[in-house]
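This briefing introduces one protein structure to a first-year reader. Its topics are the annotated regions and the pairing of charged side chains.

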Amino acid sequence: MNLRNKIFAFWGIMDVLALASYLFFSLQGGNVPFYSDISGFYTNYSQLGVNGLMGVIIQTMFFINIALIISLVFSVWSFFVKKDIHTIFFIVQEIARVLSLKCSVALIPLFMHFAGFTAAWGAILLFVLSEVLKIASVVWAKRQGNPQTAPAVSR
């Protein structure tokens with residue numbers, strides 16, 4: 001297995017772990033994944049009493065988070081089966097990660113949860129580092145898979 005495939009496998013494993021963590025913590029809390037989140041969101045949303053632009057922003061952020069969780073299934077498939085990830089999908093998923101503050105290295109939030117680490121500055125620093133690492137490594141791996149054609153040698 002070359003380094004490119006190892007990078008894709010690593011990010012695939014991170015997405016599997018993120019999806020499994022979401023499902024585990026949702027079920028552990030006695031909730032039905034997605035359904036309980038959406039139901040709970042609208043219960044809390046109605047109690048907030050917000051509407052207009054702020055209401056639209058809050059709902060949009062919530063559904064970006066839900067879409068990101070669902071997109072992990074396609075991301076895992078891309079990293080493991082296709083052994084590549086479509087650039088547009090990757091960019092949209094990274095934007096969704098930044099907007100919802102979902103770390104690409106799924107071990108970081110798990111470590112913070114089990115260690116009781118609650119410092120916001122540390123969480124933000126680790127989040128930024130994980131996203132920079134993911135973007136840099138995936139871009140590098142994609143370039144390794146798509147070598148530039150060598151210029152024709154002139155006679």
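**Transmembrane regions and salt bridges**

The UniProt record, an unreviewed entry, places the feature "transmembrane region" at residues 7–25, 56–81 and 114–133. The structure shown is a predicted model. By the distance rule applied here, the count comes to 5 salt bridges. Side chains of opposite charge can pair when their charged atoms come close.

**Two of the annotated regions**

- Residues 56–81 are 100% helix and 0% strand, and the C-alpha atoms at the two ends are 37 Å apart.
- Residues 114–133 are 80% helix and 0% strand, with the end C-alpha atoms 23 Å apart.

**The pair D84 and R4**

- D84 forms a salt bridge with R4, and the closest N and O atoms of the pair are 3.8 Å apart.
- D84 lies in the loop between α3 (52–82) and α4 (87–100), whereas R4 lies in helix α1 (residues 3–28), so the salt bridge ties together parts that are 80 residues apart in sequence.
- Is D84 buried, partly exposed or exposed? D84 has a relative accessibility of 21% and therefore counts as partly exposed, because the buried class requires a value under 20%.
- R4, with a relative accessible area of 15%, is buried.

**The pair R97 and E94**

- R97 forms a salt bridge with E94, the closest N and O atoms being 3.8 Å apart.
- Both residues belong to helix α4; because R97 and E94 are 3 residues apart there, about one helical turn separates them.
- R97 and E94 are both buried.

**The pair E94 and K134**

- E94 also forms a salt bridge with K134, and here the closest N and O atoms are 3.8 Å apart.
- Which parts of the chain does this pair tie together? E94 lies in helix α4 and K134 in helix α6 (residues 120–145), so the salt bridge connects parts that are 40 residues apart in sequence.
- E94 has a relative accessible area of 6% and is therefore buried.
- K134 is likewise buried, with a relative accessible area of 0%.

**The network**

- Which residues are linked in a network of salt bridges? The network links D15, E94, R97 and K134.
- Within this network, E94 forms a salt bridge with R97 and another with K134.

Key: Residues are numbered from 1 along each chain as its sequence is written. This is a predicted model: local features need pLDDT of at least 70, side-chain atom pairs count only at pLDDT 80 or more; totals for chains, interfaces and linings use all residues. Side-chain values use heavy atoms; hydrogens and water are left out. UniProt positions are given in the numbering used here, feature names are shortened, and annotations may be inferred rather than shown by experiment. Helices (H or I, at least four residues) and strands (E, at least two) are DSSP runs, numbered from the N terminus. A salt bridge is a side-chain nitrogen of Lys or Arg within 4 Å of a carboxyl oxygen of Asp or Glu. Buried means under 20% relative accessible area, exposed over 50%, partly exposed in between (1.4 Å probe, protein chains only).
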